[in-house]
Amino acid sequence: MDHSEALSALSAKRDAEAQMARAATCPPWRHAAFGLLMGGLVASPAFGLAARTGILVLILACIPVIIHFDRKRMGMFINGYRRGKTRVVAIGILIVELALYVVSVVRGLGMGDHTTPLLLGVAGMLIGTIGSMLWQRVFVREMGA
Amino acid sequence: MDVPTGFDAVLHPPARLQIAAVLAQAQEAEFALLRKVTGASDSVMSKHLAALVEAGYVSLRKAATDGRQRTWARLTPSGRTAFGRHVKALEALAAAVASEPTERQTAVVKNARRTA
């Protein structure tokens, strides 16, 4: 094992990571789908028990569907909470969305305000969509693609 | 040059290192994607995967998608550890040699000491 072999091996590794990052690029609808799930969750307290339950069941049902399409489209599955710089983005999205959801629950279920959860849902959708795009940008940069 | 600590002969071939690099980032990857990334043929890829499975670094599962049987690969915890160590060994080797003086630099220093 010599210096040039080590450099060549590291270069091959970086090449593979860059190719993988390019293959993992998501179309706009995929970012929007994640945003919709987040927005739906945040807006759910605006609705009555039956509709709220239906929305939550639909969100839970959509998660494996999205994972299935990701696997089929890319030939791999990348965990959003993977180690690396993307984890900061993922946790940031989670904290903001949870905060919106808590406010939505307090306003919608605690105070009978149905408008605020809907507005927060729109905000949650936008934050989820933009967050997903940001996550991908950070991932691609980290992989050197 | 000595073999650096952490160097792993199983992960040394470039295609295997590339397979491990992809699997270290993705939770699971399909055979076709790995073949595309490495540029290896089906048979060569199968041999590399078999060697990684034998070493306990990769686990394989077969799953039907759209009526076709596909092979999915995943890095095992020991594979992840071995890959991390191997990459560190490569980086250490690359850095160490880069910081070592060249033969010419060494000769100049020796010559300077002799004449001082």
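Q: Why is Lys13(A) called buried?
A: In this predicted model, Lys13(A) has a relative accessible area of 12%. Buried means under 20%. The value falls under that limit, so Lys13(A) counts as buried.

Q: Where is Lys13(A) found, and which residues is Lys13(A) in contact with, leaving aside neighbours within four places in sequence?
A: Lys13(A) is found in helix α1 of chain A. Its contacts, with neighbours within four places left aside, are Leu17(B), Ala21(B), Phe83(B) and Val87(B).

Q: Why is Val140(A) called partly exposed?
A: Its relative accessible area is 22%. Buried needs under 20% and exposed needs over 50%. The value of 22% meets neither condition, so Val140(A) is partly exposed.

Q: What is known about the place and contacts of Val140(A)?
A: Val140(A) sits in helix α5 of chain A. Apart from neighbours within four places in sequence, Val140(A) is in contact with Ala21(A) and Ala145(A). From Val140(A) to Ile78(A) there are 62 residues in sequence and 12 Å in space, C-alpha to C-alpha.

Q: What makes Arg73(A) and Asp70(A) a salt bridge?
A: Their side chains meet at 2.6 Å, N to O. The cut-off is 4 Å between a side-chain nitrogen of Lys or Arg and a carboxyl oxygen of Asp or Glu. The pair is within that cut-off, therefore it is a salt bridge.

Q: Where do Arg73(A) and Asp70(A) lie?
A: Both belong to helix α3 (residues 49–74) of chain A. They are three residues apart, about one turn of the helix.

Q: Which of the classes, buried or partly exposed, does Arg73(A) fall in, and which does Asp70(A)?
A: Arg73(A) has 31% relative accessibility, so it counts as partly exposed. Asp70(A) has 4%. That is under 20%, so Asp70(A) is buried.

Q: How do you know that Glu28(B) and Arg71(A) form a salt bridge?
A: The N to O distance is 2.4 Å. The limit is 4 Å. The distance is within the limit, so the pair qualifies.

Q: Why does the pair of Glu28(B) and Arg71(A) count as joining two chains?
A: Glu28(B) lies in strand β1 (residues 28–30) of chain B, while Arg71(A) lies in helix α3 of chain A, so two chains are joined.

Q: Why is Glu28(B) called buried?
A: Its relative accessible area is 2%. This is under 20%, so Glu28(B) is buried.

Q: What makes Glu30(B) and Arg70(B) a salt bridge, and where do they lie?
A: Their closest N and O atoms are 3.6 Å apart. That is within 4 Å, so the pair counts. Glu30(B) is in strand β1 of chain B and Arg70(B) in strand β3 of chain B, 40 residues apart, which links distant parts of the chain. Glu30(B) is buried, because its relative accessible area of 11% is under 20%.

Q: Which residues do salt bridges that share partners join into one network?
A: The network holds Arg71(A), Glu28(B), Arg61(B) and Arg74(B). Over all chains, the structure holds ten salt bridges.

Q: Which residues touch the most other members of the largest nonpolar core?
A: Met76(A) and Leu34(B) do, in a core of 44 residues. α1(B) gives the most to this core, with seven residues. Not counting residues up to four places away in sequence, Met76(A) touches residues of both chains, among them Met20(A), Asp70(A), Arg71(A), Glu28(B), Leu33(B) and Trp72(B).

Q: How do you know that the buried residues of α2(B) are on the same side?
A: The buried residues are Phe31(B), Leu33(B), Leu34(B), Val37(B) and Thr38(B). They cover an arc of only 165° around the axis, so they lie on the same side of α2(B). Gly39(B) follows α2(B), with a positive phi near 75°.

Q: What makes Tyr81(A) eligible for a nonpolar surface patch?
A: Tyr81(A) has a relative accessible area of 41%, so it is partly exposed. A patch residue needs over 30%, and 41% meets that part of the rule. The patch measures about 460 Å² and also includes Ile91(A), Leu94(A), Ile95(A) and Leu98(A). Tyr81(A) lies in the loop between β1 (76–77) and α4 (86–110) of chain A.

Q: How many helices and strands does chain B have, and what pattern do they follow?
A: Chain B has five helices and three strands. Along the sequence the pattern is α-β-α-α-β-β-α-α. Of its 116 residues, 41% count as buried.

Notes
Residues are numbered from 1 along each chain as its sequence is written. Chains are lettered from A and ligands numbered from 1 in the order in which they are written. This is a predicted model: local features need pLDDT of at least 70, side-chain atom pairs count only at pLDDT 80 or more; totals for chains, interfaces and linings use all residues. Side-chain values use heavy atoms; hydrogens and water are left out. Patches are made of residues with over 30% relative accessible area and no salt bridge: like charges are joined within 9 Å, nonpolar side chains (Val, Leu, Ile, Met, Phe, Trp, Tyr) within 5 Å. Accessible areas come from the Shrake-Rupley method with a 1.4 Å probe; for residues, only the protein chains shown count as cover. Buried means under 20% relative accessible area, exposed over 50%, partly exposed in between (1.4 Å probe, protein chains only). A nonpolar core is a set of buried Ala, Val, Leu, Ile, Met, Phe, Trp, Tyr and Cys residues joined through side-chain atoms within 4.5 Å. Contact means heavy atoms within 4.5 Å. The arc is that of the directions from the helix axis to the C-beta atoms.
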